[in-house]
Amino acid sequence: MKFKSLYLALAGAAIVAGPAFAQAPIVIKFSHVVANDTPKGKAAERFKELAEKGTKGRVKVEVYPNSTLYKDKEEMEALQLGAVQMLAPSLAKFGPLGVKEFEVFDLPYIFPSKDVLYRVTEGPVGKDLFKKLEPKGITGLAYWDNGFKVMSSNKPMHVPADFKGMKMRIQSSKVLDAQMRALGANPQVMAFSEVYQALQTGVVDGTENPPSNLYTQKMHEVQKHVTVSDHGYLGYAVIVNKKFWDGLPADVRTQLEVAMKDATKYANAIAQQENDKAMAAVKASGKTEIYALNDKEKAEWRKALAPVQKDMESRIGKATIDAVNKEAAALGGK
């Protein structure tokens, strides 16, 4: 009888516990490589808040900033394997994955304004690029802005000749490699989490970043000069493991799409504001001299970097480059 009573008790417990187990939240591990107080970091936290509220707790979003879960080179493979569900890698990361069309975002001076950028990311070009990720087991959800880049180093960089022989850190991108070589520099591919120490120890001489990344990683503390060149763009694609995404209950997926849409509006609204604040903070620190290119100098940079677009046609695809230039022309940008 004791065994029978025990069996009935366990069976009853299982029946009671069953619904509780069924209601366990769906966990989304969201990994990224920058600090929480960057535009991307803040947008990730906003998505977490909106997603958990919108699904009434059916989804739990765990955000892992600052490469605490995976570094640059590891995170994409982790997503494809399902070890992490969501990432927001920079657009340069898709070239090494085999989707080279994304490297159009790395081309120097291809976006004359944010208006042109948003026409690309929110229009047919952006949607077509996301479709190219699906065979890789990846679904693209949104593009998050982080602004135009500045150059930093321990020497002034006013004209292309100033870059001659300098070791400049870049992301793993053939376009960025070609960009630095066009300026006369020696490009060095390096994970974002390793850049501060490399600058501090002289392993590399300088790098490029939007101001918010430069400041939150404290790179200005080990870089004496910053040049406001706006030569290139850095943005992110919020992506998710396709199998995981497709397997979500339809109503949950809809709520997450709404949360992502709202988080994207927030991300793009604060990007310029955060970069302006970061630049002001760099200036206030007194550690770094900030220099803005004049029109003549910017023309020299454009002239030096112009061949990169033509040279990269065979890699990125002339059609993709032309599509972006067409959007720029539609707004009178080129």
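What follows is a chat about the pockets, sheets and helix packing of this predicted model.

Me: Let's start with the open space. Which element gives the largest share of the lining of the largest pocket?
Reply: That pocket holds about 510 Å³ of space. It has 21 lining residues, and the closest to its centre are Thr 121, Phe 130, Leu 141, Ala 142 and Tyr 143. The elements giving two or more residues to the lining are α4 (114-121), α5 (124-131), β4 (138-148) and α10 (250-285). The largest share, 7 residues, comes from β4.

Me: How many charged residues does the lining of that largest pocket have?
Reply: Sort the lining by class and you get 10 nonpolar and 6 polar residues. What remains in the largest pocket's lining is the charged class, with 5 residues.

Me: And the second largest pocket, which helix gives the largest share of its lining?
Reply: The volume here is about 250 Å³. Of the 16 residues that line this second pocket, the closest to its centre are Asp 72, Lys 73, Lys 93, Pro 96 and Ser 172. By class, the lining has 7 nonpolar, 3 polar and 6 charged residues. The largest share, 6 residues, comes from helix α3 (residues 72-81), so-named in the helix numbering.

Me: Now the sheets. Which strands stand at the edges of the sheet with 6 strands?
Reply: This one is an open sheet with mixed pairing, and its order is β7-β6-β8-β5-β9-β11. An edge strand has a single partner, so one side of it is left without a neighbour in the sheet. That fits the two ends of the order, β7 (186-189) and β11 (289-292).

Me: Inside that sheet, which residue of β8 stands opposite Arg 169?
Reply: Strand β6 (residues 167-170) and strand β8 (residues 206-209) run parallel and are joined by 2 bridges. Look across from Arg 169 into β8 and you land on Thr 207.

Me: What angle does the direction of helix α6 make with that of β6?
Reply: Helix α6 (residues 174-182) packs on the sheet. The strands touched by α6 are β5 (150-153), β6, β7 and β8. Against the direction of β6, the direction of α6 makes about 160°.

Me: Helix α6 also meets α11. What is the handedness of their crossing?
Reply: The axes of α6 and helix α11 (residues 295-311) come within 9 Å and cross at roughly 145°. As for the sense of the α6 and α11 crossing, it is right-handed.

Me: How many nonpolar residues are in the contact of α6 with α11?
Reply: On the α6 side you have Val 175, Ala 178, Gln 179 and Ala 182, and they meet Ala 304, Leu 305 and Val 308 in α11. The contact residues include 1 polar and no charged, and the nonpolar ones number 6.

Me: What about enclosed space: which element gives the most to the lining of the largest cavity?
Reply: The count comes to 1 cavity of 30 Å³ or more, and about 160 Å³ of space lies in the largest cavity. Of its 18 lining residues, the closest to the centre are Arg 169, Gln 171, Phe 192, Asn 209 and Leu 234. Elements giving two or more residues to this lining are β6, β8 and β10 (233-241). The one that gives the most, with 3 residues, is β8.

Me: How many charged residues line that cavity?
Reply: The cavity lining has 7 nonpolar residues and 5 polar ones. The charged residues in that lining come to 6.

Me: Over to the sheet of 5 strands: which strands stand at its edges?
Reply: The order in this open sheet is β2-β1-β3-β10-β4, and the pairing is mixed. The edge strands each have a single partner strand, so one side of each lacks a neighbour in the sheet. They are β2 (59-64) and β4.

Me: In β10, what is the bridge partner of Leu 87?
Reply: Strand β3 (residues 86-87) pairs with β10 in the antiparallel sense, over 2 bridges. Follow Leu 87 across to β10 and its bridge partner is Ile 239.

Me: Two helices pack on this sheet. What angle does the direction of α10 make with that of β4?
Reply: Helix α4 touches β4 and β10, and its direction makes about 180° with that of β4. Helix α10 touches β1 (26-31), β2, β3, β4 and β10. For α10, the angle with the direction of β4 is about 15°.

Definitions and conventions. Residues are numbered from 1 along each chain as its sequence is written. This is a predicted model: local features need pLDDT of at least 70, side-chain atom pairs count only at pLDDT 80 or more; totals for chains, interfaces and linings use all residues. Side-chain values use heavy atoms; hydrogens and water are left out. On a 1 Å grid over the protein atoms alone, a cavity is a set of points where a 1.4 Å probe fits but cannot get out, and a pocket is an open set with protein on both sides within 12 Å along at least five of seven lines; lining residues have an atom within 4 Å of a point. Grid points are joined across faces, edges and corners, and a volume is the space filled by probe spheres set on the points. Helices (H or I, at least four residues) and strands (E, at least two) are DSSP runs, numbered from the N terminus. Ala, Val, Leu, Ile, Met, Phe, Trp, Tyr, Cys and Pro count as nonpolar, Asp, Glu, Lys and Arg as charged, and the others, Gly among them, as polar. Two strands pair if DSSP finds at least two bridges between them. Contact means heavy atoms within 4.5 Å. Axes are lines fitted to C-alpha atoms, for helices over the stretch in contact, and angles run from 0 to 180 degrees between N-to-C directions. A crossing is left-handed if the near helix is turned anticlockwise from the far one by less than a right angle, and right-handed if clockwise.
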